[in-house]
Amino acid sequence: MTAVTDLVAGAAALDAADPLAHKRNEFDLDASVAYFDGNSLGAPPKHVAERLAVVVREEWGGRLIRSWSEGWWEAPVRVGERIAPLVGAAPGQVVVADSTSVNLFKALVAATRLNPGRDEILVDADTFPTDGYIADEAARLTGCLVRRVVAEDMPDAVSDRTAVALINHVDYITGRAHDMVALTEALHRAGALALWDLCHSVGALPVELDSCGVDLAVGCTYKFLNGGPGSPAFLYVATKWLDRFEQPLAGWAGDRDPFAMRGAYEAGAGIARGRSGTPDILSLLALDAALDVWDGVDRDALREKGLALGEFFFRCADELLDGATILTPRGEDRGHQISITDDDAAKTTAALTERGVIGDFRPPDVVRFGLAPLYTTYGEVLRAVSTLRELRS
């Protein structure tokens, strides 16, 4: 009981001193639930529903088709500019459009065109499965071969045949964060381009695409960015490549004059050429509203809290979960999730949910807990670990 009492006191003290504690009030969260699945679907900021009501009632309903020329058409680039500071990108390099998978396909094919004479795509062997699927199809289209290599081995695996390497910034199973600077530099020394998947890092830990020299990046917006289910993804193209960026899904939205209706496509200037089809305005503007919660957020403070939440999770687990196997690294080489192995992960996750602790599992034996610094509390971390202990006893 002494250990539990100490943990309760520790959680209360940490929550009281949390410089981001006020941000939780901006989210629509059920107080009876401890939510740890923001790494799959972020919680909704309270004002998004009101903003969408205005879009539907006034912009769609009141202005009808006139809204396309009153801000809708430019929204993919405008919202991209709001995401740019969260990924360490200067203006003009980020566009919001389509899904992560679609943007990944665009980026992979474009990368092979930017780096001609090379016939290999390296893929992080532990990547989220869809990245591998997309890479395989991009390789079929471009005549390249795909080679799967664990991220840490890429500096030794890259060769003069490698056009591009695709790496997940944070591993979706273990939560390990890969060294963006070191891996990008190693790829560049061999003449290969670096394409990073930021789905499990954007909105969770600082990302510095420009200073790391990254060539291309993609990421979703419905996890830690809280854009809503199915909210559109983003594409980053480094300024040095924009004039040569030739993506394979040449659609009218990326044309230099979309409404000219010419018979032949001519890519637009700048990052707008990363667009393909008509944007999903309702989802896009919901994301735009959701991004308001990032106004004034210090990214270093965000990272400090994310790491501190993880440290407190480790402390609780060490005290309460004797013999638990935690896959997530305990150093700073991790994102904002904790992954624990469990022989019956699906059953355990369901039992946690029944008790108001919502995480998720990944087959065959991993229970994941996402730590969203804007709204996760230390008290909730203790509740999660305590509930796991009850289930194990």
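These legends go with close-up views of a predicted model.

**View 1. Phe128 and Tyr172 make an edge-to-face ring pair.** This is one of the 10 aromatic pairs in the structure. The ring centres of Phe128 and Tyr172 are 5.0 Å apart and the planes stand at 80°, which is over the 60 degrees needed to call a pair edge-to-face. Phe128 comes from the loop between β3 (120-124) and α5 (129-142), and Tyr172 from the loop between β5 (162-168) and α7 (180-189), so the pair ties together parts 44 residues apart in sequence. As for how open the two residues are, Phe128 is partly exposed at 33% relative accessible area, while Tyr172 comes out at 11% and counts as buried.

**View 2. Phe313 and Phe369 form a tilted aromatic pair.** Here the rings sit 5.3 Å centre to centre, with 50° between their planes. Phe313 belongs to helix α10 (residues 299-320) and Phe369 to strand β12 (residues 366-370), so we're looking at a link between distant parts of the chain, 56 residues apart. Phe313 is buried, with 0% relative accessibility, and Phe369 is buried too, also at 0%.

**View 3. A cluster of rings, with an arginine over one of them.** Trp68, Trp72, Trp73, Trp252 and Phe259 are joined into a cluster through ring pairs. Look at Trp73 and you'll also find Arg275, whose charged end sits over the Trp73 ring, 4.5 Å from the ring centre.

**View 4. Helices α2 and α9 cross obliquely.** The axes of α2 (residues 47-60) and α9 (residues 281-290) come within 9 Å and cross at roughly 135°. That angle falls short of the 145 degrees beyond which a pair counts as roughly antiparallel, so α2 and α9 are oblique to each other. The crossing of α2 past α9 is right-handed. On the α2 side, the residues that meet α9 are His47, Val48, Arg51, Leu52, Val55, Val56, Glu59 and Trp60. Their partners in α9 are Leu282, Leu285, Ala286, Ala289 and Ala290.

**View 5. Helices α1 and α12 run roughly antiparallel.** The axes of α1 (residues 2-17) and α12 (residues 378-392) come within 8 Å, crossing at roughly 155°. The cut-off for roughly antiparallel is over 145 degrees, so α1 and α12 qualify. From α1, the contact involves Val4, Leu7, Val8, Ala11, Leu14 and Asp15. From α12, it involves Tyr378, Gly379, Leu382 and Arg389.

**View 6. Glu266 and Met261 in the loop between β8 and α9.** Glu266 is partly exposed, at 36% relative accessibility. Setting aside neighbours within four places in sequence, Glu266 is in contact with Gly254, Asp255 and Arg256. Thr325 is another matter: its C-alpha atom is separated from that of Glu266 by 54 Å, with the two positions 59 residues apart along the chain. Met261 shows a positive phi of about 55° even though it isn't a glycine. Met261 is exposed, with 58% relative accessible area.

**View 7. Backbone details at Leu64 and at Pro363 to Pro364.** Leu64 is not a glycine, yet its phi is positive, near 55°. Leu64 lies in the loop between α2 and α3 (75-83), and at 49% relative accessibility it counts as partly exposed. Over at the prolines, the peptide bond from Pro363 to Pro364 is cis, with omega near 0°. Pro364 is found in the loop between β11 (360-362) and β12.

Technical notes: Residues numbered from 1 in each chain as written. Predicted model: local features only at pLDDT ≥ 70, side-chain atom pairs only at ≥ 80, totals over all residues. Heavy atoms only, no water. Phe/Tyr/Trp six-rings, centres within 6.5 Å; stacked < 30°, edge-to-face > 60°. Helix = DSSP H or I, 4+ residues; strand = E, 2+ residues; numbered from the N terminus. Buried < 20%, exposed > 50% of the residue type's maximum accessible area, 1.4 Å probe, protein only. Lys NZ or Arg CZ within 6 Å of the ring centre and 35° of its normal. Axes fitted to C-alpha atoms, helices over the stretch in contact; angles between N-to-C directions. Parallel < 35°, antiparallel > 145°, perpendicular 65-115°, else oblique. Left-handed = near helix turned anticlockwise from the far one by under 90°. Contact = heavy atoms within 4.5 Å.
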